[in-house]
Every structure is written in structure tokens, then in C-alpha cells.
Amino acid sequence: MNRSSMPRSDQITFTGSTLDRADQLRVHPDRLATAWADPRACIILLDGLDPLPTDEGELARTPVSADAELADHALLGLREDGAPVFVSLHVTGSSEPPSIPSPESIPKVWQIVPLLAPAEAALYGGARSLVDWHDRHPFCARCGAPTYPAKAGWARQCGTCQAEHFPRTDPVVIMLAEYEDKVLVGRGVRFPPGRFSALAGFVEPGESFEEAVRRELWEETGIRVGRVDYLASQPWPFPSQLMIACMAQALGDALTLDVEEVPEAMWVSREQVRAALAGEEDAPFLAPPSVAVAHYMLRYWLGD
Ligand SMILES: [Zn+2]
């Protein structure tokens, strides 16, 4: 692959949904009720917040039953044949985010997502973020009164002050600093021993992506960077980040680590990255899992 060619977005897990989000139905109660009553309508099933897969790599689905209430569901969108797809807004089970996988312990969600067809994984990611947001936002941030689902599950409305609240998406920059044909990988404080990845951090109010990349690399590793190039993005539903992948041209390679955040970091060569991605035993680090955009970023840097 030519280094300058842009990546195909469907190579990144949690992107590539084929649903029409049909936002025009969300604010028309009559059209929404018609969609709910459509005999082809289905409800995708989650296990807590984890996916429930079929043997065919799809998400398990059930028809809309007579006792199901539209108000308890979100309209995720319409399939290509026009069939409506819903998800229940009630979580049964744990809503804890999955831990970072280690060779000894791979959370269930990380075992299932790679088995799903890409469009199904994307559908799952969006559904999970949305359902989890409803579960964690039962009260109005303005007045403290209870809120209720609105706009076919794409908003909540306060019953007292009438404020509308919308599902949040939190931008996170994730970046590979590059210097003399090596890239910088770090072990986050919550990572298991040996696992390194691209460095990442939340974008703060008043920052551009590029400024957040420069600040994070300076704060965590003492590296100053010049040019920053946007590469790709990934919705990351744990719970609701938007990962913004960037390449950053470092101006030097001397590291001063903020060990509270990044206990270890190192510059790695193409051969070392190749070995890590191949899972070779003598590789200098464990690569990020294939579902993570960092995995994709390392492949992109190699030109795969
Ligand atoms: Zn309120």
C-alpha cells in the first residue's frame, strides 16, 4: 500500500454499519409507530452490554412481541430492505467496561466481536454505546429530575425542566509519534506487563485534535512534535469514545516519562512492530488487539 493512500474505513472494527439511521423517523410518532408495527421489525438482543452472536456471525434478533413497548426501545435504523431494527434500552446484567485483555484473561466482548461480520460489529458498537448512555443518565444534568427516552431513543428529556439531553461522544486522540523510521509505543498504567500501544488521551475543551496530540505526547513522554496528520477514526463503545488516529512527526527521541500515566515507552523499528503484530515469541512487546485502532495504525505504518 502507498503510504499516502487513505485507509479503507471498513478495515476498522466498529465502523461500516449498513443501516440507514432514518433520523427523520425519530421525531414523527406516527411513522415511528408504523416502523414498530412493521412485521419485518426486529429487536437485536444483548447479553448485559455484551453481544449475543449467532453461529453465522450476526447479532441475535427477535421479532417485536405483542407485549413489548416502543417507548422502551431505540430505533437503530432501517436495513437495506427497509426492515426496522430496534434495541431495548433496559440493560440486564453488568455494565462495567471490559478490562484490557491480557494473554491470561480475554473479556467476553473481545472474544465475540472479532467473530461478528464487520457491519454487525458496527451495529453492536452503536447499540452498546446508546443503551449504556441511557442506563447511566437517568437524571437531568440541569435540574436533577428524572429523564425519559425521547426521539426514538436518541435523546432523553427532562420531565420537569424539559431540557433535552443527547448521547455523548468523547473525542480521544491516539497517535504514533515517528522519528528516524521508528515509532513510539507506550504501556499505559492499566495495561498488563508487556502490552504496548499507541499513546492516547482525551481532547480537552478548547483544543484541536492536533493540539491534543502535541500536548499528550509532551505531557506523557516529553516529546515535541511538528507535523500531525489525521489518519482515521473509530467509534469505541466502552463507553462512548471517538478515537481519532494521528501520525505525529517527532522533533527528537529523548523520553521523559510521566510514569503515573505511562510507566514504560520505547521507540520500535519496523522489524519489531512486524514481530509484535505476528505474535512472535521473541517480539519486544505484545501488540494491541486487532479490534483496536492502534493495531490498524501499526499496520498502516508498516504499509500493510
Ligand atoms: Zn431538568
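The exercises below go through a predicted model, from its overall build to single residues.

Local features are taken at pLDDT of at least 70 and side-chain atom pairs at pLDDT 80 or more, while totals for chains, interfaces and linings use all residues. Residues are numbered from 1 along each chain as its sequence is written, and side-chain values use heavy atoms, with hydrogens and water left out.

**Exercise 1. Describe the overall build of the protein.**

Step 1. Take the secondary structure: the protein has seven helices and 15 strands. Helices (H or I, at least four residues) and strands (E, at least two) are DSSP runs, numbered from the N terminus.

Step 2. Compare the radius of gyration with the globule rule. The radius is 21 Å, close to the 19 Å that the rule gives for 304 residues, so the protein is as compact as a globular protein of that length. The radius is taken over C-alpha atoms, and the rule is 2.2 Å times the number of residues to the power 0.38.

Step 3. Add the extent: the C-alpha trace spans about 65 × 45 × 35 Å along its principal axes.

Step 4. Turn to burial. Of the 304 residues, 48% count as buried (under 20% relative accessible area; exposed is over 50%, partly exposed in between; 1.4 Å probe, protein chains only).

Step 5. Look at contacts, meaning heavy atoms within 4.5 Å. Among those between residues at least 6 apart in sequence, 63% join residues at least 24 apart.

**Exercise 2. Explain why helix 7 is described as largely enclosed, and find what covers it.**

Step 1. Count the buried residues. Helix 7 covers residues 293-302, and nine of its 10 residues are buried, so the rest of the structure largely encloses it.

Step 2. Name them: Val 293, Ala 294, His 295, Tyr 296, Met 297, Leu 298, Tyr 300, Trp 301 and Leu 302 are the buried residues.

Step 3. List the cover. It includes helix 6 (270-277) and several strands, among them strand 10 (170-179), strand 11 (182-187) and strand 15 (264-268).

Step 4. Check what comes after the helix: Gly 303 follows helix 7 and has a positive phi, near 85 degrees.

**Exercise 3. Work out how strand 11 is placed and paired.**

Step 1. Burial: five of the six residues of strand 11 are buried, and the strand is mostly covered.

Step 2. Pairing with strand 10: the two strands run antiparallel and are joined by two bridges. Two strands pair if DSSP finds at least two bridges between them. Glu 178 stands opposite Val 183 of strand 11.

Step 3. The hairpin: two residues lie between strand 10 and strand 11, and Glu 180 takes a positive phi near 45 degrees there.

Step 4. Pairing with strand 15: five bridges join strand 11 to strand 15, again antiparallel. Gly 186 stands opposite Ala 265 of strand 15.

**Exercise 4. Give the order of the open sheet that holds strand 8.**

Step 1. Three strands form the sheet in the order 7-8-9, with antiparallel pairing.

Step 2. Strand 7 (147-150) and strand 9 (164-165) are the edge strands, each pairing on one side only.

Step 3. Strand 8 (residues 155-158) pairs with strand 9 over two bridges, and Arg 156 stands opposite His 165 in strand 9.

**Exercise 5. Is Ala 35 buried or exposed, and what does it contact?**

Step 1. Ala 35 lies in helix 2 (residues 29-37).

Step 2. Its relative accessibility is 7%, so Ala 35 counts as buried.

Step 3. Leaving aside neighbours within four places in sequence, Ala 35 is in contact with Leu 25, Ala 41, Pro 84 and Phe 86.
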